[in-house]
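Here is a friendly tour of the fold, with the sheets, their helices and the domains taken in turn. Please keep the structure open as you read.

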Amino acid sequence: MARIVEIRRTIGVDIGGTNIDIVLFDVHRDKYEHIATLPTEKHLKSVGETLKKYVLEFSADALGVGAAVWLKKGSVIHAPNLPSRSIKLEEMPVPVFLENDANCFAIFAHRKLKFDYIFAVTIGTGIGSGIIVNGKIYKGEGIAGEIGHFEVSAEMPALRCRCGGFNHLECYFSGWALQERYGKSVEELMKERDIHDLEEFDVFCRAVSNAIKLLDPSAVALGGRIGARLDEKRVKACIYRHLLRGFSPEISVLNDEFAVAKGACLLPLLHSGFTP
Ligand SMILES: [Zn+2]
């Protein structure tokens, strides 16, 4: 990998189950600029070519990629919510940093909220989470924080998760699950129903409260296409109903549709030891 001499501009990418968002970050001006949003289904195969084009066009010094994938030792081992787990990023003219998308969201949340202990959850097509401990991403052996695949019920017949498991949180409150359960897109569903009244929302809050009991974070940050549209007060009330006394994290809904792409913009800076 090429050594980074100076980082003036980075490009950050969010490869999600539905869309690929691309954002430019000007380090000195501390400004983000949206470059493009492309449907994943159609553009995942050629994403390397597309990114190379933007890197050259905007003279970026490094590329950060947040993707809905499980990474272990730099390799993608699983990508249940993408059409393919092969993301071709070879032959990029600049250094490339690949990270799980929820971890990128956690990096963004850390920069925004400034707490050193954060549990960050993204709800979009799937559900992911990232853990900030002592101001740094906690990964365990690589894939820590998979709240979307917590077993949350003993329902029979069991609900099959896209990862191959059963009765996982994603089978209840993710974009794909809500669409299957209610037969319409989440956007349509949210127009007709108060999503906070759904039993699936309570399942979600229970899972988050369990994670809080494990981690005792200073803040819980929520984002993603669905998470960013939740009502902070309703989420807080529901999570706190399932919590014990003594736990008192802030609950923050970060309503920024490019939060993951922005977090990805910061990856090259974190890896080079530079704190923006
Ligand atoms: Zn699962």
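## Sheets, helices and domains

Strand β8 (residues 118-123) and strand β9 (residues 127-133) run antiparallel and are joined by six bridges. Within this pairing, V121 stands opposite S129 in β9. The model is a predicted one, so please read what follows in that light.

Helix α7 (residues 199-215) packs on the sheet here, where it touches β8, β9 and β11 (219-223). The direction of α7 makes about 160° with that of β8.

Stepping back, the open sheet that holds these strands has five of them, in the order β10-β9-β8-β11-β12, and the pairing is mixed. At its edges are β10 (136-138) and β12 (250-253), each of which pairs on one side only. From one strand to the next, the twist averages 25°.

There is another open sheet of five strands, again with mixed pairing, and its order is β3-β2-β1-β4-β7. Which strands stand at the edges? They are β3 (31-39) and β7 (96-100); each has a single partner strand, so one side of each is left without a neighbour in the sheet. Here the twist averages 20° from one strand to the next.

One pairing to look at in this sheet is that of strand β4 (residues 62-67) with β7, which is parallel and extends over five bridges. In it, A67 stands opposite N100 in β7.

Helices lie against this sheet as well. Helix α2 (residues 47-57) lies across β1 (9-15), β2 (19-26), β3 and β4, and runs at about 155° to β1. Helix α3 (residues 101-113) packs on the sheet and touches β1, β4 and β7, with its direction at about 95° to that of β7.

The table sets the helix angles side by side.

| Helix | Strand used for the angle | Angle |
|---|---|---|
| α2 (residues 47-57) | β1 (9-15) | about 155° |
| α3 (residues 101-113) | β7 | about 95° |
| α7 (residues 199-215) | β8 | about 160° |

Now for the domains. The protein is divided into domain 1 (9-104 + 258-271) and domain 2 (113-253). Taken over C-alpha atoms, the centres of the two domains are separated by 23 Å. Their contact takes 17 residues from domain 1 and 15 residues from domain 2. On the side of domain 1 that touches domain 2, β5 (70-72), α3 and α10 (259-271) each supply at least two residues. By class, that side of domain 1 has seven nonpolar, seven polar and three charged residues.

Technical notes. Residues numbered from 1 in each chain as written. Predicted model: local features only at pLDDT ≥ 70, side-chain atom pairs only at ≥ 80, totals over all residues. Pairing = 2+ DSSP bridges. Helix = DSSP H or I, 4+ residues; strand = E, 2+ residues; numbered from the N terminus. Axes fitted to C-alpha atoms, helices over the stretch in contact; angles between N-to-C directions. Contact = placed C-beta atoms within 7 Å. Domains from an automatic or database assignment. Nonpolar A, V, L, I, M, F, W, Y, C, P; charged D, E, K, R; others polar.
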